[in-house]
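User: I've got a protein model open and I'd like to work through it with you. Can we start with the empty spaces inside?

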Amino acid sequence: MITFSDLFKIGIGPSSSHTVGPMIAARRFALHLQSAGLLEKTSRIEVTLFGSLSLTGKGHGTDGAILLGLEGEKPDEIDPDQVSPRLAAIRQHGQLNLLGAVPLTFDENTDLLFNQTENLIYHNGMQFKSFCASGDLLDQEEYYSIGGGFVRGKSEAGNTPADLHTSDFPYPFSSGEQLLSICEREQLSIGQVMLANECALRPEDQVHAAITAVWEVMKACVQRGYSQEDVLPGTIGAQRRAPSLYRSLTQSPEHALRDPLTTLDWVNLYALSVSEENAAGSRVVTAPTNGAAGIIPALLHYYEQFNPKSSPEGIQNFFLTATAIGLLYKENASISGAEVGCQGEVGVACSMAAAGLTAALGGTIYQVENAAEIGMEHNLGLTCDPVQGLVQVPCIERNAMGAIKAINASRIALRGDGKHLVSLDSVIETMRQTGADMNQYYKETSLGGLAVNVVEC
């Protein structure tokens, strides 16, 4: 079973699978060397990236994440403002401090390799090797970044192991059908079922505190996003749009009285703010990935700012319900763009957000399930084709579009009685099959789609 804290991780941009995951993997390898008594014996480390990590890793900051992870940094604790100067120092001196303690010569030209012609057993593979002073191999490990900041070792990557067994929870479920059955039998909402499971691991006040902490990071990210006047990193030279949109909305409030769709402009602002912060490598919350980090914060702001009956309890219910839906995608399909395309990132976030909003607005369990299904059904086949290997195009706008879709999915579901033809389980399985059939060019490799047709930016 996957928990709230698994799906909603605080980290840095621009990618949960390319930045957060590799940083965790690099730190994990360094800790492995320490536990094996090999840390001080290590004279050289060689890292090789495969698959999507090798093809778009430069644009997604994978190289820097590896360096910082080897130094012992954690994505949820590192100061984003210190990333650039830290990396500059490592590269200038050609040296990093393994776990912050053991100085190590590191030449990225020979020690950090991007293998774009071969693959390991699974997608987004990383191979770490440790050598002694004589050049002999001390140890090696393989890790896989499987989306949303989740990392698996070689022995774990072929399945979807959980750190916790279902017997640890009062209401274990692995399908939408099981979830609805539990809700019907126990007369509980989806959020209440998820809360009961979360409370099996920690007291209820700690669950609510964790949700509140994540929500505060999301709000700070939105505010920072529309306050930064700069050009986003990368060769595209994309200018942030959130600041100008914010000025337009706040300087002419009377316009909202004439245009009933101004609410959508605000939703776009919230999503763009977060997505541009992610592209800048700032602090965001994986929701459930960095590439789709703007959708759920946008929906939560929409709920809080434009619903007269919004409440802190509603926000808690939103998060818990969204977690239950995200759990189903993670366990039965994927949330990795490198595995199933952007339908696994923006599509899943849209589905989670639609369900969360529907629950917060008082929808029934059947309307919530319907909203989640609609949110994914109309993202099926969505490709992941970042231009120049960056998250600027089309990822930023895609978050805004995903947020608007989620609102509409919720509205359609709330206008119905919850009865519908396509179940959530069916659409999740369809998404998995579609991802399996999708050409590798459209899975975060920048080898197809917009990435090859937009040759000049």
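User: Which residues line the second largest cavity?
Analyst: Picture a 1 Å grid over the protein atoms alone: a cavity is a set of points where a 1.4 Å probe fits but cannot get out, and a lining residue has an atom within 4 Å of a point. For the second largest cavity, the lining is Ser275, Asn278, Asn290, Gly291, Ala293, Val391, Cys395, Ile396 and Asn399.

User: Before we go on, what pLDDT do local features need here?
Analyst: Residues are numbered from 1 along each chain as its sequence is written, and side-chain values use heavy atoms, leaving out hydrogens and water. The model is predicted, so to speak from a record of rules: totals for chains, interfaces and linings use all residues, side-chain atom pairs count only at pLDDT 80 or more, and local features need a pLDDT of at least 70.

User: Which helix gives the largest share of the lining of the second largest cavity?
Analyst: Helices (H or I, at least four residues) and strands (E, at least two) are DSSP runs, numbered from the N terminus. Helix H12 (262-279) and H18 each bring at least two residues to this lining. The largest share, three residues, comes from H18.

User: How many charged residues does that lining have?
Analyst: Ala, Val, Leu, Ile, Met, Phe, Trp, Tyr, Cys and Pro count as nonpolar, Asp, Glu, Lys and Arg as charged, and the others, Gly among them, as polar. Sorted that way, the second largest cavity has four nonpolar and five polar lining residues, and the number of charged ones is none.

User: How much space lies in the largest cavity?
Analyst: Grid points are joined across faces, edges and corners, and a volume is the space filled by probe spheres set on the points. There are three cavities of 30 Å³ or more, and the second largest has about 40 Å³. The largest holds about 140 Å³.

User: Which elements give two or more residues to the lining of the largest cavity?
Analyst: This cavity has 17 lining residues, with Gly291, Glu345, Cys384, Cys395 and Glu444 nearest its centre. By class, they split into seven nonpolar, six polar and four charged. The elements giving two or more are H2 and helix H18 (395-414).

User: Which helix gives the most to the lining of the second largest pocket?
Analyst: A pocket is an open set of grid points with protein on both sides within 12 Å along at least five of seven lines. The second largest one has a volume of about 580 Å³, and of its 32 lining residues, Val83, Ser84, Pro233, Ala280 and Gly281 are closest to the centre. H2, H4 and helix H5 (80-93) each supply at least two. With six residues, the one that gives the most is H5.

User: What is the strand order in the open sheet of five strands?
Analyst: Strands pair if DSSP finds at least two bridges between them. Strand S2 (residues 44-50) and strand S6 (residues 125-131), for example, pair in the antiparallel sense over six bridges. Pairing across the sheet is mixed, and the order is S5-S2-S6-S7-S8.

User: Why is one side of S5 and of S8 left without a neighbour in the sheet?
Analyst: Look at where they stand: strand S5 (112-115) and strand S8 (151-153) are at the edges. One side of each has no neighbour because each has a single partner strand.
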